[in-house]
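Let's take a walk through this one together, from charged pairs to helix faces to the packed interior. Keep the viewer open as we go.

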Amino acid sequence: MAENKAKISSMETSQDLKSDQNEKQTLLAVLQFLREHNLQETEAILKKETKLTDNDLQKEKAQPSSAVSHALAAYKSADDPSIYDDMSTRLNWPLFSTLFSYTSVKFFQKFSGDQEEYYAEDLARLAAVQQREHMEADQMMETFKSSRFVIRMSRDSYTHLKRHLQERHLTLLINMIQEHLFIDVFDGIPRNQEQIHATGGAMLGEADKEANKAKVFYGLLKEPDLNIPLEEEDEGGDGDGGDAANKSKKKKAKKDPLLMKKSKNDPNAPQPTRIPLPELKDQDKIEKITAYREALKRVKLSAEHLPSICFYTFTNACQGVTSVDFTNDSSMLAAGLQDSNIRVWSLTPRKLRSMKPQSDLEVIDKEADDVLERMMDDRTATETKVLTGHSGPVFAVSFSQDRTSLISASQDGTVRLWNLLTWANIVCYKGHNFPVWDVKFSPHGHYFASGGQDRTGRLWSTDHYQPLRMFVGHLSDVDCVQFHPNSNYVATGSSDRTVRLWDVLSGSCVRVMTGHKGAVHCMTFSPDGKILASAGVDHMIILWELASGMALAHLKGHTSTVYSLCFSRDGTVLASGGMDNSVRLWDMSRVIEEQDTDTDSNVPSSLHVNTSPDLLLGTYYTKSTPVLGLHFTRRNLLLGCGPLLLS
């Protein structure tokens, strides 16, 4: 017992001596710090109170600056900016953006140059923050402080990171990582630099693995059974020399093979009743019959057979063209202008007409087969119509599938619905708090989607004043929206450099896709609904597979912002255009052929993104016209348009 007490007493004495020695070392470090900074009066007072002499200082060897800093670190406040200087050299952007809120302008100047180039826009915004008051009012700063940056990391890399931080006793850095980062650990080998770069660039890092787990019904809806008789073509006849009997025979007793193909059940398609869709009217059925017949005469495109391009140039456009759209049947073109007007042109010999006045409509035979034709007033026929109602630049226009309506979005924060029979505004939708950047009609009509500066996407219907769904999750402006061909999903592209896919039924986000290095300004779905193409400020087009949310290919070639994308009607060619005054064609058939089927979405290190320059089929330059709109006709003729810009 006495021996144990002696051991305990000896241990306590040893600990006390060690504590005294550590305390003395700290005091000597403080004195050395005061002497280095020429704080003589403070040094003299401290020496007097601690009873340390110059002999004590001379006995101790001069300590390096790093040792002094280490000794003083325990006395630093969490608000002291200097404690973050060393750790910021170990982690770049994820913690830099967060640490900046605790530090100073000097910290920004010292470490901002170490960040990746695709964070230049965010850095420019942070550079404007000079005072604490600026931080509290800045939207981006609030985002960084309230959200967690996502980093995907292999299990081995994560283990090495933890060991590295623990061995160096970087407790503060460990706490910062736990508080402000979400490290999504995956099994498998670590990714290489190219794979990391392919999915990086978003404002808050990559999408975590749970974000893309939901099932997406990307298949097409079953087409209605319309029993379409085919018109028989004269084969080998010369003009007027054909047989009159054959000419009189115009119908065949078999169904359209294209219709038969589209009527098959798709296992990946949603139920036709999953969301309520409008019933087909007789006019809609006639339109579908016309579309199917035109599709039979469609040119098959390939690398050897590229489409012809017809380009429309807006000359003398002093009002400033901001947006364009074509009708599905390529008969009309609409342009939104900076002077708040919308102008619509006819692209066929048939001019645009207005409906007759009410007094004339009352005497029309409503049972006549051509009642719609009788309702139109030939006296009002013109090649162009102007729609006036917005009080700010019109940033987007979109035709309905039946060509009877047009939807528009403006800087004035409103979305307006226009009737193209009376050429008048019939509804003004108010919901967005700031400018509305884009609006699109559903392929099945009735619904439309919008996105704006308030960072939200919204789903509307033409018979409701208020939105049916709000798509909330983006961290910056929603710059573009696009409906899936089956109308069950809406895609949104944002200035936060992400693309999201939203379920119309539930309003939930089912895909988060990262990889863009700039704001996303345009998107389009492939005709079969399996692929989404997106592009924007980073000059790059990314093809996404909706089933997994992974990137299939990065199409590089444009030298400026890409503003328009369009798939050919058979999905074999993708056309793109932008501010570099060019139209470029890309080989989609080759992308599908070279797709890596062994890729596992749960193992990012198996990701393979096709970046082959051979995917570019051709480049066609305009003289001085940026390409704002592209559209494939039903026979695969490519239409383009843009305003002439004279330097």
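How many salt bridges does the count come to? The count comes to 21 salt bridges, in what is, keep in mind, a predicted model. The general idea is simple enough: side chains of opposite charge can pair when their charged atoms come close.

Start with K288 and E223, whose side chains meet in a salt bridge at 3.4 Å, N to O. K288 sits in helix α15 (residues 282–296), while E223 belongs to the loop between α12 (193–199) and α13 (244–248), so this pair ties together parts that are 65 residues apart in sequence. How exposed are the two ends? K288 is partly exposed, because its relative accessible area is 24%. E223 has 19% relative accessibility and therefore counts as buried, the cut-off being under 20%.

Next, look for R353 and D378, another pair of side chains joined by a salt bridge, this time at 2.7 Å, N to O. Here the link runs from strand to strand: R353 is in β7 (residues 352–355) and D378 is in β8 (residues 376–382), so parts that lie 25 residues apart in sequence are tied together. The two partners sit in contrasting surroundings. R353 is buried, with a relative accessible area of 12%, whereas D378, at 54% relative accessibility, counts as exposed.

Then there's E594, which forms a salt bridge with R590, and the closest N and O atoms of that pair are 2.6 Å apart. E594 counts as partly exposed at 34% relative accessibility, and R590 is partly exposed too, with a relative accessible area of 28%. Beyond these pairs, you can pick out a network of salt bridges that links E287, E294, D329, R403 and R634.

Now for the rings. A pair of aromatic rings is described by the distance of the centres and the angle of the planes. The model has seven aromatic pairs by count. One of them is F448 with W460, a stacked pair with 6.1 Å from centre to centre and 5° between the planes. Why does it count as stacked? Planes under 30 degrees apart count as stacked, and the angle here is 5°. F448 comes from strand β15 (residues 447–452) and W460 from strand β16 (residues 456–461), so the pair links parts of the chain that are 12 residues apart. F448 counts as buried, at 0% relative accessibility, and W460 counts as buried with that value of 0% as well. Zoom out a little and you'll find F448 and W460 in one aromatic cluster with Y429 and F441.

Let's turn to the helices. In α2 (residues 40–50), E43, L46 and K47 are buried. Those residues cover an arc of only 100° around the axis, which puts them on the same side of α2. What does the face turned away from the buried side of α2 carry? That face has the exposed residues E41, I45, K48 and E49. Just after α2, check the backbone at K51, which takes a positive phi of about 60°.

Helix α11 (residues 171–180) can be read in a similar way, with L173, M176, I177 and H180 buried. Look down the axis of α11 and its buried residues fall within an arc of 100°, so they line one face of the helix.

On to the interior. The largest nonpolar core has 22 residues, and V499, L501, M523, L532 and W544 are those with the most contacts inside it. Strands β19 (489–494), β20 (498–503), β21 (509–514), β22 (520–525), β24 (540–545) and β25 (550–556) each supply at least two residues of this core. L532 is a handy place to centre your view: leaving aside its neighbours within four places in sequence, its contacts include A491, V499, M513, M523, I542 and W544. There's also a second, separate core of 19 residues, with L173, L181, I183 and L204 among them. L173 should ring a bell, since it is one of the buried residues of α11.

Finally, a look at the record. An unreviewed UniProt entry lists "repeat: WD" for residues 314–355, 387–420, 429–470, 471–512, 513–554 and 555–589. Over residues 387–420 the model shows 0% helix and 59% strand, with the end C-alpha atoms 10 Å apart. Residues 555–589 are 6% helix and 57% strand, and the end C-alpha atoms of that span lie 14 Å apart.

Technical notes: Residues are numbered from 1 along each chain as its sequence is written. This is a predicted model: local features need pLDDT of at least 70, side-chain atom pairs count only at pLDDT 80 or more; totals for chains, interfaces and linings use all residues. Side-chain values use heavy atoms; hydrogens and water are left out. Rings of Phe, Tyr and Trp (its six-membered ring) pair if their centres lie within 6.5 Å; planes under 30 degrees apart count as stacked, over 60 as edge-to-face and the rest as tilted. Helices (H or I, at least four residues) and strands (E, at least two) are DSSP runs, numbered from the N terminus. Buried means under 20% relative accessible area, exposed over 50%, partly exposed in between (1.4 Å probe, protein chains only). A salt bridge is a side-chain nitrogen of Lys or Arg within 4 Å of a carboxyl oxygen of Asp or Glu. The arc is that of the directions from the helix axis to the C-beta atoms. A nonpolar core is a set of buried Ala, Val, Leu, Ile, Met, Phe, Trp, Tyr and Cys residues joined through side-chain atoms within 4.5 Å. Contact means heavy atoms within 4.5 Å. UniProt positions are given in the numbering used here, feature names are shortened, and annotations may be inferred rather than shown by experiment.
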